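Me: Please take a close look at one part of this structure and explain it step by step. I would also like to know how far the model can be trusted there.

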Amino acid sequence: MTDRDIGADPPDEYVEAEIQRLLVEDPAVAEQGITVVRRERALVLYGEVESPHRREEILRRVSERFPDVPITSDIGVIGAQAPTEIEQLP
Amino acid sequence: MVIRLAAVGDVHLDEDVVGRFRPALEELPECADVLLLAGDLTRHGTEAEARCVAEEFGGLAVPVVTVLGNHDHQCDQVPQVVKVLEDAGITVLEGNGVVLDCAGGRLGIAGVKGFGGGFAGRCASDFGEPEMKAFVRTTTDSADRLGAALRSLDCDMLVALTHYSPVPDTLVGEPLEIYPFLGSYQLGQAIDSAPTALAVHGHAHAGTERGTTPGGVRVRNVAHPVIKQAYSVFHVGDQLDTDQVSPIGQSGSQRSWS
Ligand SMILES: [Fe+2]
Ligand SMILES: [Fe+2]
């Protein structure tokens, strides 16, 4: 990430790129599996994480860094149940 | 006779999730002879996170065999991470293999983390700047070590374990633009250089479960966000003739951490 001020009205595509990198490079997040999608009214974050705490942390860190960008999140928490099926490979 | 494998990758453990997998893991002996972990065991590759992995995946009733992932390299503590895992009885593979005596026969597992580079016709080349050549040579070296490890194992069934993907099939769902960061065809070529029965990988969180190498070896992406359960179970019945597998070499060549 750069420390450069990206300006009051930064191009959406650069914001998207910065968020994508923040999600991976911010040690408090470190998620490579989150997709940032630009919708008309907001940036939407999609993906799956290991805990509700990590999901909250993602939103917190992104809105902290981009307070003026409307963000919505559609991030799921992955289940850790035993499988119900076995794949047979003859 | 059947060999029963359980596998999961990309569990990205840290203190906040310790204990989540354990109830399902306690059921393993009922359905599997071994548990394979396909790398990205941790979030940042710290020794503390490795201890979470040891707590979650140590002391199970079945052997646990793993490769590391790119996340496990993030904090440059690979030797410490490996030591914590090995102290917990977990076998860590990187360019070597292990043979396990299972009820259904001798299971040989060869593993490397692997690396990116892309897939046939759309991949990086060993050409140009030193950085580019270093990138491609990292992949080539990793694939060479995987191939050699696979061919060295004396066993009844051979399984390849990687973090990066050997085929594009299991990346479907990921943006095409990032395929070169998700795997390399050279890993597939290495897998096809031996009578491999199954290849298991992780890393592609948004990918797809099933694929096949050009040589016809079945590939499974077991990244936790893909399988959405504690682990997947495969019962592989495909017994190899012993003379199809090279009898040369030993089952546990030396690890090559530096
Ligand atoms: Fe991962
Ligand atoms: Fe990964």
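Reply:
**The chain contact and the two-iron site**

Between chain A and chain B, 4 salt bridges cross the interface. One salt bridge joins A:R54 to B:D16, with the closest N and O atoms 2.8 Å apart. This is a predicted model, and its scores are ipTM 0.87 and pTM 0.90. Chain A brings 24 residues to the contact and chain B brings 34 residues. About 2,400 Å² of area is buried between the two chains, and carbon and sulfur atoms give 48% of that.

The part for a close look is in chain B. Which residue bridges the two iron ions? B:D40 does, and the iron ion (ligand 1) and the iron ion (ligand 2) lie 3.4 Å apart.

Take the iron ion (ligand 1) to begin with. Its protein donors are B:D10, B:H12, B:D40 and B:H205, at 2.0 to 2.3 Å. Both aspartates donate through OD and both histidines through NE2. Along the sequence these donor residues follow the spacing D-x1-H-x27-D-x164-H. The site links distant parts of the chain: B:D10 is in the loop between β1 (3–8) and α1 (22–26), while B:H205, 195 residues away, is in the loop between β10 (198–201) and β11 (210–212). B:D10 and B:H205 are both buried.

Why is the arrangement called irregular? The 4 donor atoms subtend angles of 89 to 169°. Four tetrahedral donors would need all angles between 85 and 135 degrees, so the 169° angle rules that label out.

Now the iron ion (ligand 2). Its donors are B:D40 (OD), B:N70 (OD1), B:H163 (NE2) and B:H203 (ND1), at 2.1 to 2.2 Å. Here the spacing in sequence is D-x29-N-x92-H-x39-H. The angles run from 87 to 158°, which makes this arrangement irregular too. B:N70 sits in the loop between β3 (64–67) and α4 (78–87), and B:H163 in the loop between β9 (157–162) and α6 (179–182), so this pair ties together parts 93 residues apart in sequence. B:N70 and B:H163 are buried as well.

As for trust, chain B has a mean pLDDT of 93, and 92% of its residues reach 70 or more. Residues 239–258 of chain B are another matter: pLDDT stays under 50 there. For that stretch the model has 47 contacts beyond four places in sequence.

How values were computed
Residues are numbered from 1 along each chain as its sequence is written. Chains are lettered from A and ligands numbered from 1 in the order in which they are written. This is a predicted model: local features need pLDDT of at least 70, side-chain atom pairs count only at pLDDT 80 or more; totals for chains, interfaces and linings use all residues. Side-chain values use heavy atoms; hydrogens and water are left out. Donors are N, O and S atoms within 2.8 Å of the metal (3.2 Å for Na, K and Ca); water is not among the atoms, so sites may look incomplete. Four donors count as tetrahedral if all angles lie between 85 and 135 degrees; four count as square planar and six as octahedral if opposite donors are over 155 degrees apart and all others between 65 and 115; anything else is irregular. Helices (H or I, at least four residues) and strands (E, at least two) are DSSP runs, numbered from the N terminus. Buried means under 20% relative accessible area, exposed over 50%, partly exposed in between (1.4 Å probe, protein chains only). pLDDT is the predictor's confidence in each residue, from 0 to 100. Contact means heavy atoms within 4.5 Å. Buried area is the accessible area (1.4 Å probe) that two parts lose on being put together, summed over both. A salt bridge is a side-chain nitrogen of Lys or Arg within 4 Å of a carboxyl oxygen of Asp or Glu.
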